[in-house]
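Dear colleague,

Please find the structure below, with its sequence. My notes on it follow, and I would be grateful if you could read them beside the model.

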Amino acid sequence: MAGAQPKTIGELRQSGYQVVSTKEEMRRNLISRIKKNEEILPGIVGYDDSVLPQLQNAILSGQDIIMLGERGQAKSRILRSLVNLLDEEIPIIDGCEINDNPYDPVCKACRDSVEKHGDAVEIEWVGRDRRYGEKLATPDSTIADLIGEVDPIKVAEGRYLSDELTIHYGLVPRTNRGIFCINELPDLAERIQVGLLNIMEERDVQIRGYRIRLPLDVFLVASANPEDYTNRGRIITPLRDRYGAQIRTHYPRSVLHEMDIMEQERTKFTDEQYEVTVPPYMREIVAEITRLARRSPDVNQRSGVSVRASIADFESLLANAMRRAIRLGERDVVPRVSDLPYVIPTLSGKVEFDTVEDGKEDQIIEKLIQGAVVAVFNRYFNVVDLEEVVTRFKAGLATEVSDTMPSDRYVTMMKSVDGLARAVAKLEPGENPALIASATEFVLEGLHLNKRLNKDRVAGKTQYRG
Ligand SMILES: [Zn+2]
């Protein structure tokens with residue numbers, strides 16, 4: 001809205017501006033994006049054929065939305081991104097706590113002001129970022145937090161009629177004419193659920209026994225763990241019925257999606273003196289670890305394994321590669337198989353184990369890592385093609401690797417073992433010693449996990465032998 005933006009209710013009226021409900025506004029903007037074939041929710045990966053079509057249908061049909069899914073499935077992120085479907089700016093009565101519609105204010109202060117000054121009342125334009133609120137529900141969330149509170153002293157003095165009460169507004173009214181998201185909805189006490197329902201359906205609410213009219217325009221969305229949601233009694237039936245669209249999220253269905261999310265979400269720094277390169281197989285291993293954890297009987301699958309586990313693992317892996325490059329004075333930062341143990345402490349903090357004796361967690365994660373390495377290795381190689389390398393080891397060769405070994409040493413090693421250079425070349429490391437080091441370790445570990453080489457661990461180093 002360039003140029004002379006209306007500054008008073010009168011000017012707004014003259015401009016012909018129409019106020020529509022939040023749902024109508026989002027629907028109109030969605031329709032225009034679909035028509036123009038524009039991206040609807042930027043940065044949401046892997047949901048093009050599942051979640052996103054359902055979400056669009058819900059908005060087109062004006063339904064309230066609840067996202068059901070285990071943790072780390074981008075539920076909150078998707079709900080937050082709905083803000084992009086709001087207008088860039090909308091007019092409210094200047095200074096109003098609950099973003100009152102200039103043509104039809106709700107709060108007492110605005111109603112009084114319009115009564116007194118009419119069309120001269122000033123308006124303010126608010127951006128879409130200010131029209132989103134969210135709350136993590138807990139059993140001790142209160143009506144006061146979410147909806148509001150009346151001044152108990154004034155009530156006691158009997159100074160106000162119930163519809164004239166001055167309310168201290170809670171989070172939901174403060175998001176009036178916007179989107180409010182309640183995360184983990186089933187954790188709200190039943191009484192609070194009733195309060196929310198009343199606000200949405202009857203447009204009034206009981207506070208301290210007073211029935212208060214509060215005709216809000218809030219697009220109420222929520223997220224929940226599917227198991228809590230389906231659990232009888234955790235959510236009151238009329239509130240459940242209100243959610244027209246129950247959209248089930250899921251973990252990335254393909255390794256590629258998991259890898260894309262890792263790359264997109266990892267914390268990035270600009271280190272001009274270092275060049276970070278991640279071979280595709282290393283990225284794939286990290287994604288595969290998470291995928292195996294999601295199927296492991298030792299991991300609590302009810303709480304799930306978040307995509308955040310992949311992201312954090314990836315960051316830890318890169319950190320160890322970076323630390324090596326700094327210490328060895330190498331420019332290239334390339335993660336190797338021998339960096340993978342540094343993922344263990346990270347992943348331990350991201351998954352819940354089912355009935356496991358203390359100290360076993362590390363072993364479980366180590367198994368997951370091995371499983372991931374062998375699965376990825378077998379996508380790149382056929383072990384029978386590497387017999388030449390195995391033969392050399394069977395003839396008495398032994399070789400050491402470690403996460404602190406300079407990259408050049410691997411170049412020498414690769415050249416001295418028959419067949420190894422050819423295997424490494426399949427991974428296309430070019431002439432880059434750090435990439436050659438990573439590829440060499442991947443081949444040796446892959447052969448070991450396919451039971452073609454033996455491996456010993458001595459004093460921080462790993463030795464492969466025949
Ligand atoms: Zn107001």
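Helix 16 and helix 20 lie roughly perpendicular to each other in this predicted model. The axis of helix 16, which covers residues 360–380, comes within 9 Å of the axis of helix 20, residues 433–449, and the two cross at roughly 105 degrees. Because crossing angles of 65 to 115 degrees count as roughly perpendicular, this pair is therefore placed in that class. On the side of helix 16, the residues in contact are Gln370, Val373, Val374, Val376, Phe377 and Tyr380. Their counterparts in helix 20 are Phe442, Val443, Glu445, Gly446, Leu447 and Leu449.

The zinc site may be of particular interest to you. The zinc ion takes its protein donors from Cys96 (SG), Asp100 (OD), Cys107 (SG) and Cys110 (SG), at distances of 2.1 to 2.2 Å. Along the sequence, these donor residues follow the spacing C-x3-D-x6-C-x2-C. The 4 donor atoms make angles of 101 to 125 degrees, and the site is tetrahedral. For reference, the ideal angle for four tetrahedral donors is 109.5 degrees. Of the donor residues, cysteine 96 and aspartate 100 are both buried.

Next, I draw your attention to strand 7. This strand spans residues 178–183, and 6 of its 6 residues are buried. In a regular strand, side chains alternate between the two faces of the sheet. Strand 7 is covered on both faces: Gly178, Phe180 and Ile182 are buried on one side, and Ile179, Cys181 and Asn183 on the other. Strand 7 runs parallel to strand 4 (residues 132–136), to which 5 bridges join it. With strand 10 (residues 218–224), strand 7 pairs in the parallel sense over 6 bridges. Cysteine 181 has a partner in each of these strands: it stands opposite glutamate 134 and opposite valine 221 in strand 10.

Finally, there is an open sheet of 3 strands in the order 14-16-15, paired in the antiparallel sense. Its edges are strand 14 (398–401) and strand 15 (454–458), each of which pairs on one side only. On average, neighbouring strands in this sheet are turned by 25 degrees against each other, direction ignored. Strand 15 and strand 16 (residues 461–465) run antiparallel and are joined by 5 bridges. Within this pairing, valine 458 stands opposite lysine 461 of strand 16.

With kind regards

How values were computed
Residues numbered from 1 in each chain as written. Predicted model: local features only at pLDDT ≥ 70, side-chain atom pairs only at ≥ 80, totals over all residues. Heavy atoms only, no water. Pairing = 2+ DSSP bridges. Helix = DSSP H or I, 4+ residues; strand = E, 2+ residues; numbered from the N terminus. Axes fitted to C-alpha atoms, helices over the stretch in contact; angles between N-to-C directions. Donors = N, O, S within 2.8 Å, 3.2 Å for Na, K, Ca; no water. Tetrahedral: all angles 85-135°; square planar, octahedral: opposite > 155°, others 65-115°. Buried < 20%, exposed > 50% of the residue type's maximum accessible area, 1.4 Å probe, protein only. Parallel < 35°, antiparallel > 145°, perpendicular 65-115°, else oblique. Contact = heavy atoms within 4.5 Å.
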